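Student: I'd like a close look at one part of this model, and then how the rest fits around that part. Here's what I have on screen.

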Amino acid sequence: MLELRTLFYEDLSVGMTETFIKTVSASDVVGFAEVSGDRNPIHLSEHFAARTPFKSRIAHGLYTASLISAVLGTRLPGPGAIYLSQSLNFKAPVHIDDEVVVTVEVIELLERGHRARLHCECHVGETLVLDGEAMVKVPSRTARPLGSRPLAT
Ligand SMILES: C[C@@H](O)CC(=O)SCCNC(=O)CCNC(=O)[C@H](O)C(C)(C)COP(=O)(O)OP(=O)(O)OC[C@H]1O[C@@H](n2cnc3c(N)ncnc32)[C@H](O)[C@@H]1OP(=O)(O)O
């Protein structure tokens, strides 16, 4: 579990990175199937998975992607970050008991709207299993809280 760290827009700079390492357990995959409703047997049945090119059960792509969300929401930028978009390329499978190393790097900062663009990668060993880009809205020290309106005059 990642410890919470809040970074405001003003604290960010291009090149900042954060890493999270997670070993994917069978219960993670079963739990994700339950919460998402995606009961594709390629994730849940060894018998089924054995007859696919992957040979054994694999994690849902969106479960692996959720580890990126964990980094964005807890560490970089952290609490208060708002997901705007995320691209995902699933390059190679993640199997049960694989150790996934998630790396997120700030690649662009946009003053307008306090946006940050981040490059995201997940590796298992030397293998790139997932990459993509995230755009998030980052809390600013100077901005009014989200959803607040100016007082009527
Ligand atoms: C819906 C859910 O229940 C299911 C899931 O969540 S499954 C879990 C998430 N997905 C994965 O784990 C898949 C990971 N990806 C792979 O293992 C490989 O991409 C693949 C084995 C599926 C690729 O299979 P195939 O289509 O046979 O591809 P080739 O290796 O023969 O390559 C053919 C060309 O396609 C390009 N390519 C392959 N993968 C990707 C990708 N993820 N994104 C974009 N392009 C891809 C590859 O480069 C080849 O292109 P070329 O121009 O011909 O070189």
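In which loop does His114 lie, and between which strands?

Tutor: His114 sits in the loop between β4 and β5. Before going further, a word on ground rules: this is a predicted model, where local features need pLDDT of at least 70 and side-chain atom pairs count only at pLDDT 80 or more, while totals for chains, interfaces and linings use all residues. Residues are numbered from 1 along each chain as its sequence is written, and side-chain values use heavy atoms, with hydrogens and water left out. Helices (H or I, at least four residues) and strands (E, at least two) are DSSP runs, numbered from the N terminus.

Back to the loop. His114 has a positive phi of about 50° although it is not a glycine. Most residues other than glycine have a negative phi, and most peptide bonds are trans. His114 counts as buried because its relative accessibility is 14%; buried means under 20% relative accessible area, exposed over 50%, and partly exposed in between, with a 1.4 Å probe and protein chains only.

Another positive phi turns up in the loop between β3 (89-90) and β4, where Asp97 lies. Phi of Asp97 is near 80°, and Asp97 counts as exposed because its relative accessible area is 60%. For an unusual peptide bond, look at Leu76 to Pro77: that one is cis, with omega near 5°. Pro77 is in the loop between α4 and β2 (82-86).

Now follow the strands on either side of His114 into the interior. The largest nonpolar core (buried Ala, Val, Leu, Ile, Met, Phe, Trp, Tyr and Cys residues joined through side-chain atoms within 4.5 Å) has 32 residues, and those with the most contacts inside it are Ile68, Val100, Val102, Val104 and Leu118. Two or more residues come from each of α1 (26-36), α4 (61-74), β4 (99-110), β5 (115-124) and β6 (127-137). The largest share, six residues, is from α4. In soluble globular proteins, nonpolar side chains tend to be buried together.

Leu118 is a good place to zoom in. Contact here means heavy atoms within 4.5 Å. Setting aside neighbours within four places in sequence, Leu118 is in contact with residues including Leu72, Leu76, Val104, Val106, Ile107, Ala134 and Val136. From the β6 side, Ala134 touches Leu72, Tyr83, Ala116, Leu118 and Cys120, among others, not counting residues up to four places away in sequence. Ala134 is buried because its relative accessible area is 2%.

Helix α4 also takes us to the largest pocket: α4 gives the largest share of that lining, three residues. A pocket is an open set of points on a 1 Å grid over the protein atoms alone, where a 1.4 Å probe fits, with protein on both sides within 12 Å along at least five of seven lines; lining residues have an atom within 4 Å of a point. There are 18 lining residues, with Ile58, Ala59, His60, Gly61 and Phe90 nearest the centre.

His60 lies in the loop between α3 (46-49) and α4, and His60 counts as buried because its relative accessibility is 2%. Beyond residues up to four places away in sequence, His60 touches Val29, Phe32, Ala33, Asp38 and His43.
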